[in-house]
Each structure stands twice: as structure tokens, then as C-alpha cells.
Amino acid sequence: MKYFSRIIAFFIFPIACFGQNQPPAFRLPTSIVPVRYSIELTVIPDKDTFTGTVDIDLNYKEESSVLWLNAEKLKVKSATLSKEGKVFPAKIIFEPKDLIGFSFDSTIPTGPAKFHAEYEGEISRKDMQGIFQVKDGDHWYIYSQFENIAARQAFPCFDEPSFKVPWQLTLHVPKDDGAFSNTPVLSEKNGTDGLKTVQFAQTKPLPSYLVALAVGPMDIIPAGHAGANNTEIRIITPKGHIPDAKYTAADTPDIVNLLEKYFGIPYPYEKLDEVAIPLAGYAMEHPGLVTYGSGIILAKPEEMTLQWKTLSTSVIAHELAHQWFGDLVTTAWWDDIWLNEGFASWMANKIVNQYRPEWKMGLNELNSYQDAMTTDALVSSRKVRQPILSDDDIANAFDDITYNKGSALLNMFESYVGPEKFQERIRQYLHKYAWSNATSAQFLESIGGGDQAIGRAFSTFLDQPGVPLVTVQIQCGTGKSKMQLSQERFLPHGTQGSSKQTWNIPICFRYPVGSESRRSCTLMTEATAAVDLAESNSCPAWVYANADAAGYYRVLYQSPVLNSLSQRENNLSTPERVSFIGDVAALTQGYLPLGDAMGLVPNFVSDPNRDVVIKTLDVVGNLDDHLVPEELKPNYRRYMSSLYKQRAQQLGWKAKQGENDDDRQLRPRLFSVMADQAEDAEFIDQGKKLTQAWLEDHQAADPDMVEVILKSAARHGDQALFQRLRSQVKKETNEFLRYHLFTAMGSFRDPAIAKGAFAIILTDEFDSRESIGILFAASSTPQTRDVAYAFVKQNWDSLVEKLPTDTGAFLPYVARHYCDTQHVADVEAFFKDRSTKYAGGPRNLSQVLEAIGICAANKETNQSSVTAFLKKF
């Protein structure tokens, strides 16, 4: 249909002769820029199209006879340009993708002008991009999602973040529906056609991707006021969800107040509405109209888990932090999107730590930093400031390098500079660039505070990919003891890359002095360095080279120090213990035999902090997937039981009166280990019993345990259980529970059950945006991995037709858990001409292929040491 509509347009509108006015290769020219937009849309839920008009006040910096704008999936019916009382009809130049041109018979001179166009667009029921609609209960609702480049599906515009100007929006909607946008309503008038006209106030300067709308029979939940300006806060939900918004309504004002306190700037916008979107797996920081997936901010009080609360509060803090970093000050181009997303991630952690210190969110953030290091270790990883030369590059920019590595770098340099100085310099940056755009260079200049070494050091992490590996030796002898350091790029065994990279690394370290420890820092700018342990009067028993776990680097300790640290966990803080174990796990990919690392784990499994215990699973968890020979799997299960069973039994299956949050979060993790890795009969049986009881009565199982008992029961379940889960999904309205149920449906180990489950994805029994979870769950299960991969190969065309448009870019992840060189070749052969056609697909496929190759190489390297270790059990 898209192609057909363009053929019609070809005959209706003459196409201008291009001459020197060739379409832009990628970015729009800056010789003509917007000054202000006025948008008028008619949007009706359960209709598949909308109509619109756009008026753009322009500034011609250079004369031109052609105006280029971004547009996609729009049918422009007419367009004119007005200047100095003259009206110039436009001839429309239709491009296949992303662009539309408007040619005029006369050259338009420099200065102000006004562009006007009338057009029609699509309201998607499949994609959550542009203007789309979702059904909840018996009602359809319309929403928008324009980041990163989908505003062009709603109106012709300058769809780049540097074009930041005011917008005024008017909506024509059914008279009984609510209509919401970034700003307060100026007027609302009923018409004679069953529609009403809702005019919104003009916005502050915004880039196109931050404009937003929502339409439908919404419920409005007052959430009080917050901040210096006493800003009104409301929660906007689909009809019938008022009780489910209670938690979000209570959290939001407190989070706004904490953010204002940190930034020293009042919340910048006139109102704050938080909108729940059914089925959306994301959140978006539109100023004044922040949107969230319903499952993120709506939950029945009796079904709230601690996991859900931490997720919800963290996401709310992330999106609201964007109101300053991203909205008030906006990145100039997508290569600096880390300034938006990395900062919001870092700030969310800081705010939630203040708001709910008992959750220890800093440790969650530390784990996310180490997850980013796993991606960053790939040769196919991207730079934080990766050049953006295509739509693929824009899509790939929204990854854990941007979010988590960006956050980690802010954390590292805050620790090095000092929190108070760092905060003050951030405030100065926000004041300086408020209501405009900024770049990394401008940000680094601000946080350097006149010290150019800070900006240079930060840039070494932004402008090259990879994770530093710092090797540490203690040199003792006459005089002061020294710490000998060397750096290179950390590369897992099996990676085809060069380790010869250096960074300017802020290294902070701790070492013992008498009964206490001393902390010191140095900026390592060369491949090697020697650092005096200035206050040590003897050869120290240990040195920890990543004090407070604030550094974005791996550490390789030579044997005496490594052994000393693993025996002296009480000398390390909790973040340092988590970081140490994470480094040990990573180093088993070519730097440390995995069997040796397994021998260190017993020193940490009795730690009182659950994050330390859970982190040990990075070393020993799921080894039976690829590394444990069949004859030694009983030994592996005994080993896992020896580590975790006593603690798991002490915790039991249900929360105890007055227990702390650590125990609540550790219980489900250890239950899963015992049932699904140790294959302990007692835990397997409890999982089955609790699942059957929960299916009859949701109050029969601890809400924090539901995810793991469902998955465990499925792993050890039969066709009858599968059908019960299938029936239960149809009854559930809680999106979080639906997600757990679909994951469980993909966790059965019987390939025949898996094949039947996959067929559901291609039907209309469930929304495929939810049921696709079955496929990805099965791909991570060894017994069903092959049938999941085969299903994708056999049903590629049907899957990409059924699923949201760019899902094809992510389907290679179904093969991510393979661990042999044969599959590297097979996966590449199948996907190279398929998934790479979708935005972000080429890099996704490269990373999947590299990950499979690394797994295969490390399987070969580590199997002998794992075998030797397990023979002892």
C-alpha cells in the first residue's frame, strides 16, 4: 500500500527537476531552519488514518528554490510557502524514505517565511512508533512515540534534535474522549460532527522527538503538587485502572522534589502528566506528558513485588531526570545521546538511593555497569560517541553502551572530581545551556572546571570502544612499597581484535595501613605506571585497585594479591566485593582458568549481602549448558547444592514477618538455583505445588516468588501445565504477570511443547508483542534452543509480517546462546540478508556472531579446568 500511494502521488503532483537541488544524503541542510510550528491533527481511536495540517515559521539563511523536510508514511495533499504577502505553490518531490521536498517556481530569498501543508498519515495498530493505537479492554487509545526519528510519521518537519523550537498543537478528537499533550489546554470546544477541538498552549523550545499526544477515554488520577512552582501532577490511565496508579501517584512528587534539590533548578514545565500505555515496554520523557508502559507504573497493591517497585521507581526517576538533562538541555545530535540517557540512568540511581536507601540501588547500577563491560568487550561494540551516519547508527545508539557505560563514566569521574564539585559544575552547565542544545565538548568543559585533563581523560572513554584491563602487581623492597600498573584493552579469548589501546584512567585504590585502610587516586595516562603506596610502612597484604568500585575498568591481580583479596572479603566494601567477583568472572574468558575461579566462590557465598551472593552466579551459574560434560552433571549439581542449599532452605518459600529487603530479593534467586541448576527434588516439588496453588488463588504464593515458581514448574512440567498457563494468561490483566506467564510458557524443556507454543505467536490468540516472549525464553533453554532457531528460519516471512516492523533486527538474538563455530557460520548465512534490512540490524547480527564465537573459544579453553574441578565433588 505504501508503494501504491506514492504511485498515485506521482501522477497527481508534478515532480520538480532536481538540477542542483538533490535530496540530502542523510541530514537536513541548515540553510533553512524552523522558528515555530503549529500542528492541527484529527485523530479518532479505531480509525487507521489521521488528517493534519502543519504550519512552520521558517528562517531562510540562504536563498533556495527547494525546501527539504523529513517525512515518512505521509501523503501530502497540498503545500504552499508564504513570504512578504506572496504565496508560492509547492511542487512535491516524493522520496522513498525519510524525506520530502517542496520545490517552488521562484527562488525564495533570505529571511522569514511560512510553510503550510495539508496531509494524511497512518495510525498503526502494529508499531509503537509515530502515531499508534492500542486496545485496552473494550476501548482503543491513541498515543505517540517520536523518538528517535518517528515525528516524521506524524507531520513533515525538521526531525533532528538540534532544531529546537516552540510548538503549538491542536487536536480534533471524539467529544467524549480525553486529549492530552505537552502543555495545558487553552480551550476546548464541541463541534457538530461528534468531535471537539482541543487547543493546547505553546510549548517551550522542543526538538520534534519530544512532542507528544494521547487520546481516548482516559481516567485522571490527581497526584498532588511538587516543586518550587507547586506543579500539578496527574496520572493518566486507560479506563478502569484508577486503583492501580496509587504507587506511582505517591512516588512522583517526592522524586520531583529530590531532582529539584540536586539540580538547583525548579521543574521546568507547566504541568506533569504521567501516561500509562498498554503493552509498551518502554518509557519516554516528553516534557509535561511523560509516557510509560502500563506494566511499569500500574499494579494492583496485592500484586506488587519488591522487584516491580524498584523497577517502577527507578524508571520514573530516569524519565523525570530527563526533564532537565535531555529536555531543558538537549543533545545537539544523536552521537551525543549518552548525554541524555547515560545521565538519566546515573541520576536515577542517585535519586533512588536517597529515596529508598534500603534498596541499595547503587549495587544494581554497578551490575549494569559490568553488563555494559560485557558488551564493550566485543570488537563489534560501538563507541559512546559513535559517528551517526545512517538510520542504523541512530537505532544502535540506544543500547547499554549509551545508557550503562555512559552512566558508569559519570560515576567514575564524579568519584574522581568529588561529588560536591561535580554537582556544582552540572548546575552551571544546565544554567548555561537551558532551552538550547549542547555537545559532549561543552559538557566536558563544564565538568572540568578549568582542568583540561578531566575532559581529555573523559574523552578517551567516549571516543574509543572497549574496556581497559589494568594489571596490578605489588613491588616491595627497600623504601616505600609500590603498585605496578599496566593497561591494555580487555578482550575475551576468541575475539579477533588488538589489545593495544590506552586510556587516561582515574584509578583510585585502597591498601592497609595498620588496622585501617588508605584511599588514594592517580590519573594513569600511559601504558604503564608505578604508584607509591605512600603511607604503607611494610609490604601490604593486599591492595584493591578499584576503590568503591567506581572505576570503569577490569582489574587483573597477580596471584598473591588475587588470593589475598579472595580470603579477605571483610576488608572490602560491599560494592568492592561485587566488583571483585565480577572481574573474576570476566577474567575466566582467557586470563584465569574457570576451575580456579570456581575454587574462590565458597569464600563469598555466606556473605550477608545478597548482591555478593548473587554475583557469584556470574562465575558458577548455568555452567551445565555448555561446559559440563554429561557424566559430570551430577557433580555440578552437588557443587551448586554445597554452595547455596543451606542459605536457600533458611530463607524458605515465603516472606517472613519483619525480614529485610535483601532476604526478600535473595529468596527467589536461590530458589531458582536450587530447582533449575542444582535440580534439587525438594525445590522442584515446591515449585510445582506453589504454582498449582497460585493458579487457583494468587494469594497462595508470595508475589516475589511468582516469576521463579512459574518458570521452575514449567521447566519440570508437562502439556497439562502448559495448557493451564495458557488459560491463565487470558484471565490476567496485570502486564507484569502476563510477561511472567509467557516466559514460563517458553521454558518447558519438552521440544514438542515448545513447537506447539511457537505456533501461538503467529495467531491472534494473544498480541504478538507479548507472545514473542515465548520464543526468546525457549531460545535460552538448551533442550528447546534448536526448535526455537528452526522456527525462526522456517517462519521468517510470517514473523516479520506479524511482529512490529523492526523486530527483524532483533531476531538473531534467538541464536545468541549457541556455543559452537558451526552455528557462527549458519547464523550468519541465514540472517545476513534478512535481519540487516532493519534499522540497527547489521550491528546486532555482528554482536550475536561474535558472542557465539567467544563462547565456543572459551568452552574449549575452560572445559578441562572445569572438569578437573568437578571431579572432586
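**Close-ups of a sheet, a disulfide and two helix pairs**

**View 1. Serine 486 faces its bridge partner in strand 27, threonine 528.** The strand numbers come from DSSP, where helices are H or I runs of at least four residues and strands are E runs of at least two, numbered from the N terminus. Strand 24, residues 482-489, pairs with strand 27 over 5 bridges, and the sense is antiparallel. Two strands count as paired here if DSSP finds at least two bridges between them. A word on what you're looking at: this is a predicted model, in which local features need pLDDT of at least 70 and side-chain atom pairs count only at pLDDT 80 or more, while totals for chains, interfaces and linings use all residues. Residues are numbered from 1 along each chain as its sequence is written, and side-chain values use heavy atoms, with hydrogens and water left out.

**View 2. Step back and there's an open sheet of 4 strands, ordered 27-24-23-28 with mixed pairing.** Strand 27 (528-532) and strand 28 (554-557) sit at the edges with a single partner strand each, so each has one side with no neighbour in the sheet. From one strand to the next, the twist averages 25°. Helix 13 (residues 574-587) packs on this sheet, touching strand 23 (468-475) and strand 28, and its direction makes about 80° with that of strand 28. Contact means heavy atoms within 4.5 Å; axes are lines fitted to C-alpha atoms, for helices over the stretch in contact, and angles run from 0 to 180 degrees between N-to-C directions.

**View 3. Valine 472 has a partner on either hand: it stands opposite leucine 485 in strand 24 and opposite tyrosine 557 in strand 28.** Strand 23 and strand 24 run antiparallel, joined by 8 bridges, whereas strand 23 and strand 28 pair in the parallel sense over 4 bridges. The hairpin of strand 23 and strand 24 has 6 residues between its strands, and glycine 479 in the turn shows a positive phi of about 80°.

**View 4. Cysteine 476 and cysteine 539 are joined by a disulfide, S to S 1.9 Å.** A disulfide is called when a pair of cysteine sulfur atoms lies within 2.5 Å. The link of cysteine 476 and cysteine 539 is right-handed, with 75° about the S-S bond. Cysteine 476 is in the loop between strand 23 and strand 24 and cysteine 539 in the loop between strand 27 and strand 28, so the pair ties together parts 63 residues apart in sequence. The structure holds 3 disulfides.

**View 5. Helix 8 (residues 400-417) packs against helix 11 (residues 452-462) at about 155°, axes 11 Å apart.** That makes the two helices, 8 and 11, roughly antiparallel; angles under 35 degrees count as roughly parallel, over 145 as roughly antiparallel, 65 to 115 as roughly perpendicular and the rest as oblique. Among the residues that meet are Phe413 and Tyr416 in helix 8, and Phe458 and Phe461 in helix 11. The contact of helix 8 with helix 11 divides into 11 nonpolar residues, no polar and 1 charged. In that count Ala, Val, Leu, Ile, Met, Phe, Trp, Tyr, Cys and Pro are nonpolar, Asp, Glu, Lys and Arg are charged, and the others, Gly among them, are polar.

**View 6. Helix 10 (residues 440-448) also packs with helix 11, at an angle of about 140° and with axes 8 Å apart.** That makes helix 10 oblique to helix 11. Ser440, Leu444, Ile447 and Gly448 in helix 10 meet Ile454, Gly455, Phe458, Ser459 and Leu462 in helix 11. This contact of helix 10 with helix 11 divides into 5 nonpolar, 4 polar and no charged residues.
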